[in-house]
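Let's learn to read a protein fold together, one feature at a time. Keep the picture open while we talk.

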Amino acid sequence: MATSVEVTPKLDIETRLFINGEFVDSIDGGRIPVVNPHDGSVLCEISEAGTKDVDRAVAAARKAFPAWKKMLASERGRLIFKLADAIEADREYLSILETLDTGHPIRDTQNLDVARTVATFRYMAGIADKIDGRVVQVDPGFHNYVLREPVGVVGSIVPWNFPMMFVSWKLGPALAAGNCCVMKPAELTPLSALRIAKLSAEVGFPPGVINVVPGRGSTAGQHLAEHMGVDKIAFTGSTPVGRKIVQASSTNLKRVQLELGGKGANIVFDDAPIDAAVGGSAFAIFHNQGQACIAGSRLLLHEKIADQFLEKFLKLAKSIKQGNPLDPATEMGPLTSAGHRDKVLSYVDVAKQEGGNILTGGKAPANPDLAKGYYVEPTVVDAKPSDRVCQEEVFGPFVTVTRFKDEAEVMEIANGVVYGLGGGLWTNSLQRAHRVAAQIRSGMVWVNCYKRVSPGSPFGGVGESGYGRDMGVESIHDYTDAKSIFINYDAQIPPFYKRS
Ligand code: NAD
C-alpha cells in the first residue's frame, strides 16, 4: 500500500498515523479521503485511526512519560526550539499543504498560520525551564513548597479551522510542562499535524512523546476522551461536542480544558475611528472565511454613524477578492467542506424567515471558475438581537448588523448570548474603552483592533465558550498539577497521640 502520495503542486504527503515515533497504518485499515475545498477533488486518503490505534498511541505516550517528565527542562525546551526552527524551514511546503487542505488563502497560511505556529512553539520552548513552584508560609517548624508537576498523558482534540496553529497551541504548553501527547486532528484537515509529527521525529523527540492519530470524532475522539490512560483532554471545537467531552471524561475524572464556540460582539461607537473600524471589522469576520471562533460575527453600530459605516463596509465586503486560495492575490478562499458551506448558506434562509435583510452576499459567487468549490460570498445581514442568526454560531463569512442608541443598550445586546469568547469595540474615548472592556463578558477584548492573538497572551472563554486557556503562562497552569509538600524541619513529634 502506498504510504505517501504526490499532489499538484508537487507535494509528498504522509498519510499514515504517527505512533511511538514512527508512521504506521491503522490496525483496522480504515481510510479517510481528504478533499481540496477549492474544487472538491480528493487530495489523498489517510489512514483512519480506530480505537485500537488510539490504545497504541496512549500506551506509547504512557511509556514515554516518566523519562520525558524527568528530562532537564531546558533540554525539553531545546527540542521544542528545534521543532520551531524545522517548521520555519519547512514554511513553503507547510503553507501550500495547509492551503490545499483547508482553503485558507496562501498569503494567510504563509504570513499568519506558519508564523504563528513557529512563534507559539518558540514561546513555549522558552517557558519550559521557567515553570517554578512557590514556597508557602505555614506553621513554625514546617517548610511547605508547591511544585508544578505535569499532568501526564494529554489527549488533544482539535477542529479543522486552524489545524496547523492548533498543533502549536496544544502541543507547545503540554510538552514544555513535561506531558506526553496524543493528538487527534480533525478528520477533514489532518495533513499539517502529520507533517509536524514527521518534523518532530527528525529533530529528535523521543518516541511516544508526540503521537498523531487522525480519526473520526465519534470513534477515535470519543475513545480518547473516555480513555482510562489519559489524564487530560485539551479540546478545541464546538460547544455541543464540548458537552460530550465532559461526559466522556467522567470515566476516570480526567482534567478537561474546553475552547469552544463564540459569537463575538464588535461594537462601533459614534466616536470611533471609522475607516480603521471598517477595515478592522472586515478582518474580524471575513478573515479565514469567517471560520474563526473569535470572529466578530455581530456588528453593533451606534445609530449616529451606522449609515456612514455601512456604506463603506458594504463597499469593502463586495470588493473582497475570492479565488483559488493558491493564488497570492486571493483574499478569501472556499469554506473548508461542502457540508459546512451548506450549513452557512442555510442561515441565509433562517435570516430571511426572521425578517432579516440580506444587505450583500448570501449565495455562492457567480464566477464559473469557483463553481466546484465551497465558496460563499461575504454576507452582511440586518438582524434583531433575538434572531437565531444573532444567537447561534454560523462560523462563516456571515455578519449580522444591529443598531443601538447608547452604551447601556449595547452592553445588554453584547452580553445577551450564551457565548463569551472574544469581543471588541471601536472608540476614541479612553474612558469608554476601559469601561466597556470591563463590562464585556468574555475571555478576550480588543479595543480599536480585533482578533489580536499572541503566544504570551491567554486565549479562551467564559460561559458556553468553555474554560481553561491556550497560550500564555496561564496555559502552563492548565497543563500542570500543584503538588504541596510539607517538611517538618524541627523533627517535632506531632502533638496527637503523644505519650510522654
Ligand atoms: P467539532 O466540535 O465538530 O469537532 C472538533 C473536534 O472534535 C474534531 O477533531 C472532531 O473529530 C472531534 N469530535 C467530534 N465528535 C467527538 C466526540 N464525540 N468525542 C471526541 N471528539 C469528537 O468542531 P468543528 O466543526 O471541527 O470546529 C468548529 C468549532 O470549533 C466551532 O464551534 C468553533 O467556534 C470551535 N473553535 C473554538 C476555538 C476556541 O479556541 N475557542 C477555536 C477554533 C474553533
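## Reading the fold step by step

Q: Let's begin with a single residue. Where is G152 found?
A: G152 lies in the loop between strand 8 (142-150) and strand 9 (153-157). Keep in mind throughout that this is a predicted model.

Q: How do I tell whether G152 is buried or exposed?
A: We look at relative accessible area, and a residue under 20% is called buried. G152 is buried, because its relative accessibility is 0%.

Q: And which residues does G152 touch?
A: Here we skip residues up to four places away in sequence; G152 then touches F65, N179, C180 and D231. You can also look at C-alpha distances: G152 and G229 are 77 residues apart along the chain, with their C-alpha atoms separated by 9.3 Å.

Q: Can we try another residue? What is the place of S200?
A: S200 sits in helix 6 (residues 191-203). Its relative accessible area is 1%, so S200 is buried. Leaving out residues up to four places away in sequence, S200 touches F18, L83, F205 and I210.

Q: You just mentioned F205. Which residues is F205 in contact with?
A: Apart from its neighbours within four places in sequence, F205 contacts W68, L79, I80, L83, L175, S200 and I210. F205 also belongs to the largest nonpolar core, which has 119 residues. Those touching the most other members are I87, L175, F205, V268, F286, F309 and F313. Helix 5 (residues 163-176) gives the most to this core, with nine residues. There is also a second, separate core of 13 residues, including A351, A383, V389 and V394.

Q: Now for sheets. What is the order of the strands in the open sheet of seven strands?
A: Reading across the sheet, the order is 16-17-18-15-14-20-21, and the pairing is mixed. Strand 16 (357-360) and strand 21 (444-447) are the edge strands, since each pairs on one side only. Neighbouring strands are turned by 25 degrees against each other on average, direction ignored.

Q: How do I read "mixed pairing"?
A: Go through the pairs and check their directions. Strand 16 and strand 17 run antiparallel, joined by three bridges; in this pair, N357 has D382 of strand 17 as its bridge partner. Strand 15 and strand 18, in contrast, run parallel and are joined by five bridges, with R403 in strand 18 as the bridge partner of L301. Strand 14 and strand 15 also pair in the parallel sense, over four bridges, and N266 stands opposite L299 in strand 15.

Q: Why is strand 15 described as largely enclosed?
A: Five of the five residues of strand 15 are buried, so the rest of the structure largely encloses this strand. Here is a general idea: in a regular strand, side chains alternate between the two faces of the sheet. In strand 15, R298, L300 and H302 are on one side, L299 and L301 are on the other, and all are buried.

Q: What do strand 14, helix 9 and strand 15 make?
A: They make a right-handed β-α-β unit. For helix 9 (residues 274-286), we can check the length: at 1.5 Å a residue, its 13 residues should span 18 Å, and the end C-alpha atoms are 18 Å apart, so the two agree. The buried residues of helix 9 include I274, A277, V278 and F286. Among the elements covering its buried residues are strand 14 (265-268), strand 15 (298-302) and helix 10 (306-319). Just after helix 9, N288 takes a positive phi of about 60 degrees.

Q: Which strands does helix 13 lie across?
A: Helix 13 (residues 407-414) lies across strand 14, strand 15 and strand 18, running at about 175 degrees to strand 15. Helix 14 (residues 430-439) lies across strand 14, strand 20 and strand 21, at about 160 degrees to strand 20.

Q: One last case: how many bridges join strand 12 to strand 13?
A: Five bridges join strand 12 (residues 232-236) to strand 13, and the two run parallel. The chain crosses between them through helix 8 (residues 239-248), in a right-handed β-α-β crossover. Four of the five residues of strand 13 (residues 255-259) are buried, so the rest of the structure largely encloses strand 13.

Conventions. Residues numbered from 1 in each chain as written. Predicted model: local features only at pLDDT ≥ 70, side-chain atom pairs only at ≥ 80, totals over all residues. Heavy atoms only, no water. Expected span 1.5 Å × (residues − 1). Buried < 20%, exposed > 50% of the residue type's maximum accessible area, 1.4 Å probe, protein only. Contact = heavy atoms within 4.5 Å. Core = buried A, V, L, I, M, F, W, Y, C linked by side-chain atoms within 4.5 Å. Pairing = 2+ DSSP bridges. Right-handed = clockwise from strand over helix to strand, strands pointing away. Axes fitted to C-alpha atoms, helices over the stretch in contact; angles between N-to-C directions.
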